[in-house]
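Me: I should like to learn how to read individual features in a structural model. Could we proceed feature by feature, with the general idea stated before each case?

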Amino acid sequence: MNTSVNIAGVTLNNPVMTASGTFGSGMEYSQFVDLSRLGAVVTKGVAIVPWEGNPVPRIAETASGMLNAIGLQNPGLDTFIERDIPFLQKYDTKIIVNVCGHTTKEYVTAVERLNEQPVDLLEINISCPNVKKGGITFGKDPKAVEKITSTLKEVSKIPLIMKLSPNCADISEMAKAAESGGADAISLINTLTGMKIDINKRTFALANKTGGLSGPAIKPVALRMVYEAAHSVNIPVIGMGGISSAEDAIEFILAGATAVSIGTANFMNPNVTIEVIEGIEKYLKENNINDISDIRGIVE
Amino acid sequence: MNTSVNIAGVTLNNPVMTASGTFGSGMEYSQFVDLSRLGAVVTKGVAIVPWEGNPVPRIAETASGMLNAIGLQNPGLDTFIERDIPFLQKYDTKIIVNVCGHTTKEYVTAVERLNEQPVDLLEINISCPNVKKGGITFGKDPKAVEKITSTLKEVSKIPLIMKLSPNCADISEMAKAAESGGADAISLINTLTGMKIDINKRTFALANKTGGLSGPAIKPVALRMVYEAAHSVNIPVIGMGGISSAEDAIEFILAGATAVSIGTANFMNPNVTIEVIEGIEKYLKENNINDISDIRGIVE
Amino acid sequence: MTEKYYETAIIIRQEELLPGINSMWIKTDKIAEVAKAGQFLNLYCKDKSRILPRPISICEIDKSDMAIRLVYRVIGEGTDEFSKLHTGDTIKVTGPLGNGFPIKQKHAIIIGGGIGIPPMLELAKTFPGEKDIVLGYSNELFLDGEFEKYGNVHIATVSGIYGTKGNVLDSIKENAISGDIIYACGPMPMLKAIKEYAESEEINIQCWLSLEERMACGIGACLGCMTKSKNKDAHTQVNNKRICTEGPVFLSKEVVM
Amino acid sequence: MTEKYYETAIIIRQEELLPGINSMWIKTDKIAEVAKAGQFLNLYCKDKSRILPRPISICEIDKSDMAIRLVYRVIGEGTDEFSKLHTGDTIKVTGPLGNGFPIKQKHAIIIGGGIGIPPMLELAKTFPGEKDIVLGYSNELFLDGEFEKYGNVHIATVSGIYGTKGNVLDSIKENAISGDIIYACGPMPMLKAIKEYAESEEINIQCWLSLEERMACGIGACLGCMTKSKNKDAHTQVNNKRICTEGPVFLSKEVVM
Ligand SMILES: Cc1cc2nc3c(=O)[nH]c(=O)nc-3n(C[C@H](O)[C@H](O)[C@H](O)COP(=O)(O)OP(=O)(O)OC[C@H]3O[C@@H](n4cnc5c(N)ncnc54)[C@H](O)[C@@H]3O)c2cc1C
Ligand SMILES: Cc1cc2nc3c(=O)[nH]c(=O)nc-3n(C[C@H](O)[C@H](O)[C@H](O)COP(=O)(O)OP(=O)(O)OC[C@H]3O[C@@H](n4cnc5c(N)ncnc54)[C@H](O)[C@@H]3O)c2cc1C
Ligand SMILES: Cc1cc2nc3c(=O)[nH]c(=O)nc-3n(C[C@H](O)[C@H](O)[C@H](O)COP(=O)(O)O)c2cc1C
Ligand SMILES: Cc1cc2nc3c(=O)[nH]c(=O)nc-3n(C[C@H](O)[C@H](O)[C@H](O)COP(=O)(O)O)c2cc1C
Ligand code: FES
Ligand code: FES
């Protein structure tokens, strides 16, 4: 049985990776999970310099979901390169670095610095709803997506995954824009912008007012967008949004995803990534499927 | 204590109404709920002639939510005018008729026919994701929203609520477009387009492939959009999306909604509308608020 | 419309008939009083992530105790939740829903297949005329003994370990069962075959089928649960009937399956 | 980092200390063995609509029985769910999480306010030096009797019905309590006042505060649970510390509140 998948020439042992921002750089979860069993670890978004992020509260729970407004707090590339990459290199997994920036220049500088690093893929976050500058501003219209993609492709020696926002009218347009900008793959969905109000305190539950909605609640939207994206482009699609079981992951693969990322579900169950990997294997075995690629996108 | 609210000159005894398509024309739920206690009944979308809707399955459950792809099945205006309006007139509640159409002409014809009817408000559904023609096609770009609004305003003798889709990049643009087209109020959100796959049958859970996501899962997105819309226009905003308790309804009012609609929650609890009305009254009393309008939009 | 009630029922007792098939008696406030064979209840989950009620047919009604019996297959998370309820626990329910079986003074062939067997028990119990009862299983039997006091019971199993090897129609043929009216509930392929059988020229008897579809409201408001109908339906004005309201029991000739 | 475990624990017993304040002993597999005062557990809800674990401090540890005691206020749906667990029921937990109280051989003033009292019990039990224990309540007392065997207990109540009328600082002043080190847990205004008191020129003693914040992962991965710190934090490289990992116990002078 073959569960390995190929993204831009990089072969992952299996299609299960972590979703950026929910798994740190793997260190914390390595107490629960053998990172070598994961298809890839996608790190928390990193920028050229440390970012402070938003004030607290940054987290709120919602029905089968959660809101976060971390605001892309991160230790900056120096620390990341010195501490996190060497840590991940100890494991037999692929390293995907999620990159954020306020300006095109910041993205470019980050990509240039990572060019020299032993990382397998870069995931460019142009879809974070929680920062005022950067992030989503690059991700909300197709022309901007194409532009930033082609700019980064010019400088990057590492294949690029463009991470798309669901806060748009037509995800296939966005997917096509990334593809024509030269993206090697796309990943989606980032969080949906949401809000919660504390009616007793009469204030927002998050200091940032709005936050990004993730978790099982958003899975139907994520799955629909992954399906639409996979039917619009010829590059691999990495699906995510609310995956918390092998069944969920298989839905995304049947809809056309080459790989899947697991985010919020790590908070619900620190073992979830391993359970999903094992559950996919079981499904393939029970259904006599020899190669995971035989079921990719077969529900049309 | 005053819970009455005013929408385009129509005074509702309280801000709680039903969401179109989840409450029929009130007849079925009248076995559980005294319709005279509701601020308004919003009927299932009606078109000039009967519509067949989509094939089954039309319903699927998701985490804290559901997908529907009814496809706007409806008995047409003749039956509606003969049967449903007279039924609703027996109650001391406001009648809001939700209107759908495939073409501008169909909307115009429907509005013209309803002009002669004893209805209080019309809600124009330009945001149904489940029909191929009409519905969402009118609701996905601001210019089209403004156009259809002004066209219908020209013919309508009844105040118009334009119902907006969340499947857009910027809800405030849509809200402003409806306002400049002359809308008397806006309502939001309609459902988010979603999908579910049955991994054992390897087919879509809904015959229509995609459906509209509703219920508690979408509340954070709905609340955020209602907040944004209420801060973009000066006409009343009717908030909906996942409201299943008085606390939820109050969140929307604090965010700026003049009234709220309850949809999917009727399926979760046929008494929910009454419980929400009573819960709002309790909250106002406990917090010494004399008029519900004193808390509208105070969380900014 | 019969009265419908939204109630908090109390579990009287629950037992497993077979692995994965549970029987649960619940005490209702008013539902049992007005309920009849062929109707169903909506059962609400306590887990808040499962927002839609689960439709389950009435298997038996005990009016003196205001009790209703539900027999259901544990197939997903909702029925799994129900299977863990104990005596004294509560469950929210709405009912009775749907039309129920129309009772005619005739010789009835009462047919149940798989998890479509439970609703036939109350019918078998209350049907006043003569009756042959045909029960189809894949393998293991359940509830069959309870039918015996109400009529001649014929069993069919796919595996052939009990009764006729094959399906309910095989049993009807093998036992040369005849009657004036058919009532049936079971999986769609079975219902289609029965419809064809009953409507065939040589048989041509009235046939009532209990249908299933994904539901949201269960009371006729959402238009989720349609079956295609031969004629334009009075409520919908199109060739669609609401299974939860005009059904779940339909005259076979009125529906297109 | 201490080892952390994701386990299915078993409820040993649960009781109500006061209306809405529950005490629950759970049997763990490995957590109790490595846990210490000031650490916390993540408790997972069974209801699938509540996806985030609930952080609850360790109130007592019984290493011989591998048991941990949790005392918590029933304040929302998650804690309400926990309050319905009975002996023999299971609950998923992760732990031990966070750093715990650093133990110094000194005369300690151990301060707990409201639902910040429970974590101080294991500290009072295991702290080796002399100790004064100051407990602040709004009105009704709980756990106070259990502290008595470990040190001098001083009570403050807002209503004044027991002990000093006022807050814990009023009690400290009224009873002229002094020591070399403070450990405190309780509501933010109390912790701010204690920080100010301990850092004031005339007092100027080391002060450890246990902080709270909304959490998602509880193990340092999500960056949800920050407190502002005086200096740049080694992990985050900004003036933010992760309460779940570098805390929940911080030296007062290191955090900006
Ligand atoms: C009128 C009617 C009467 C029924 N009577 C019985 C009965 O007496 N005994 C019995 O075992 N089953 C009966 N069913 C089927 C029963 O409703 C489903 O097996 C049950 O809802 C499954 O719920 P779940 O949460 O365990 O499964 P899941 O698959 O997790 O359910 C997910 C969703 O799909 C719906 N669903 C799943 N299967 C069905 C189905 N077959 N029909 C309708 N909705 C479904 C659920 O209600 C829920 O909304 C009846 C269905 C209908 C429509
Ligand atoms: C390190 C730490 C230790 C704690 N120790 C205790 C303890 O020993 N006893 C006790 O009674 N409480 C303690 N709390 C608070 C406890 O976590 C919350 O009261 C609990 O999570 C409320 O859950 P709920 O579902 O009942 O409430 P809800 O308000 O319904 O919870 C909704 C969401 O908000 C979160 N939340 C709500 N209140 C708090 C809070 N005060 N702090 C953090 N998250 C919150 C919940 O975890 C959940 O994600 C501690 C909190 C932290 C951070
Ligand atoms: C706490 C948190 C932090 C996140 N941080 C990032 C980030 O730094 N970069 C990024 O591209 N996405 C980030 N995301 C989005 C996730 O990677 C993912 O796209 C989203 O949460 C949907 O998947 P899920 O439902 O499985 O969590 C974050 C999500 C959460 C919940
Ligand atoms: C079964 C169903 C049918 C619906 N039909 C309509 C409709 O005919 N017209 C319309 O404008 N909205 C329709 N809606 C959308 C609802 O009115 C509402 O906007 C949406 O469901 C969000 O609210 P909720 O989460 O409270 O259900 C329908 C929703 C559901 C669930
Ligand atoms: S389930 Fe709503 S109409 Fe039948
Ligand atoms: S809760 Fe995730 S870092 Fe502390």
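Reply: Let us begin with burial. This is a predicted model, and a residue in it counts as buried when its relative accessible area is under 20%. A:Asn269, at 12% relative accessibility, therefore counts as buried.

Me: Where does A:Asn269 lie, and which residues does A:Asn269 touch?

Reply: A:Asn269 belongs to the loop that links α8 (265-268) and α9 (272-286) of chain A. Setting aside residues up to four places away in sequence, A:Asn269 touches A:Glu275, D:Tyr6 and D:Tyr44. With A:Glu275 there is also a polar contact, side chain to side chain, at 3.0 Å.

Me: How is the burial of a whole strand read, for instance that of strand β8 (residues 121-125) of chain A?

Reply: One takes the strand residue by residue, and then face by face. In β8 of chain A, 5 of the 5 residues are buried, so the strand is largely enclosed by the rest of the structure. One side carries A:Leu121, A:Glu123 and A:Asn125, the other A:Leu122 and A:Ile124, and both faces are covered.

Me: Which strands pair with β8(A), and in what sense?

Reply: Strand β7 (residues 94-99) of chain A pairs with β8(A) in the parallel sense, over 4 bridges. In this pairing A:Ile96 stands opposite A:Leu121. The chain passes from β7(A) to β8(A) by way of helix α2 (residues 104-115) of chain A, a β-α-β crossover that is right-handed. Strand β9 (residues 160-163) of chain A also runs parallel to β8(A), and 4 bridges join the two. Here A:Asn125 of β8(A) stands opposite A:Lys163.

Me: How should I treat a site that comes from a database record?

Reply: The annotation is attributed to its record, and the model is then consulted for the surroundings. An unreviewed UniProt entry gives a "binding site" covering C:Cys217, C:Cys222, C:Cys225 and C:Cys244. These positions are spread over 28 residues of sequence, yet they cluster in space, with a largest C-alpha distance of 10.2 Å.

Me: Is C:Cys225 buried or exposed, and what about C:Cys244?

Reply: With a relative accessible area of 3%, C:Cys225 is buried; C:Cys244, at 1%, is buried as well. C:Cys225 sits in the loop between β13 (206-210) and β14 (226-229) of chain C, whereas C:Cys244 sits in the loop between β15 (240-242) and β16 (249-251) of that chain. Beyond sequence neighbours within four places, the contacts of C:Cys225 include C:Glu213, C:Arg214, C:Met215 and C:Cys244. Among the residues that C:Cys244 touches are C:Phe40, C:Leu97, C:Met215 and C:Cys225.

Me: Which other positions of chain C does UniProt mark as a "binding site"?

Reply: The unreviewed entry places this feature at several residues, including C:Arg54, C:Pro55, C:Ile56, C:Ser57, C:Tyr72 and C:Arg73. Two of them illustrate the intermediate class of accessibility. C:Pro55 lies in strand β4 (residues 54-57) of chain C and is partly exposed, at 35% relative accessible area. C:Ser57 is likewise in β4 of chain C and is partly exposed, at 25%. Sequence neighbours up to four places away excluded, C:Pro55 touches C:Phe40, C:Leu41, C:Asn42 and C:Met215. On the same terms, C:Ser57 touches C:Gln39, C:Phe40, C:Arg69, C:Leu70 and C:Pro119.

Me: How does one describe the environment of a ligand, and where does ligand 2 lie?

Reply: One states which residues surround the ligand and then lists its polar atom pairs. Ligand 2 lies between chains A and D. It is surrounded by 21 residues, of which D:Pro55, D:Arg73, D:Gly78, D:Thr79 and D:Arg214 are the closest. An oxygen atom of ligand 2 is 2.7 Å from a polar backbone atom of D:Arg73, and an oxygen atom is 3.0 Å from a backbone N or O atom of D:Gly76. The side chain of D:Arg214 places an N or O atom 2.8 Å from an oxygen atom of ligand 2.

Me: Which residues come nearest to ligand 4?

Reply: Of the 23 residues around ligand 4, B:Ser20, B:Lys163, B:Gly215, B:Gly242 and B:Thr264 come nearest. For B:Lys163, a side-chain N or O atom is 2.7 Å from an oxygen atom of ligand 4. The corresponding distance is 3.1 Å for the side chain of B:Lys44, and 3.1 Å for that of B:Asn125.

Definitions and conventions: Residues numbered from 1 in each chain as written. Chains lettered and ligands numbered in written order. Predicted model: local features only at pLDDT ≥ 70, side-chain atom pairs only at ≥ 80, totals over all residues. Heavy atoms only, no water. UniProt positions renumbered as here; feature names shortened; annotations may be inferred. Buried < 20%, exposed > 50% of the residue type's maximum accessible area, 1.4 Å probe, protein only. Contact = heavy atoms within 4.5 Å. Pairing = 2+ DSSP bridges. Right-handed = clockwise from strand over helix to strand, strands pointing away. Near = heavy atom within 4 Å. Polar contact = N/O pair within 3.5 Å; in protein donor to acceptor, adjacent residues only side chain to side chain.
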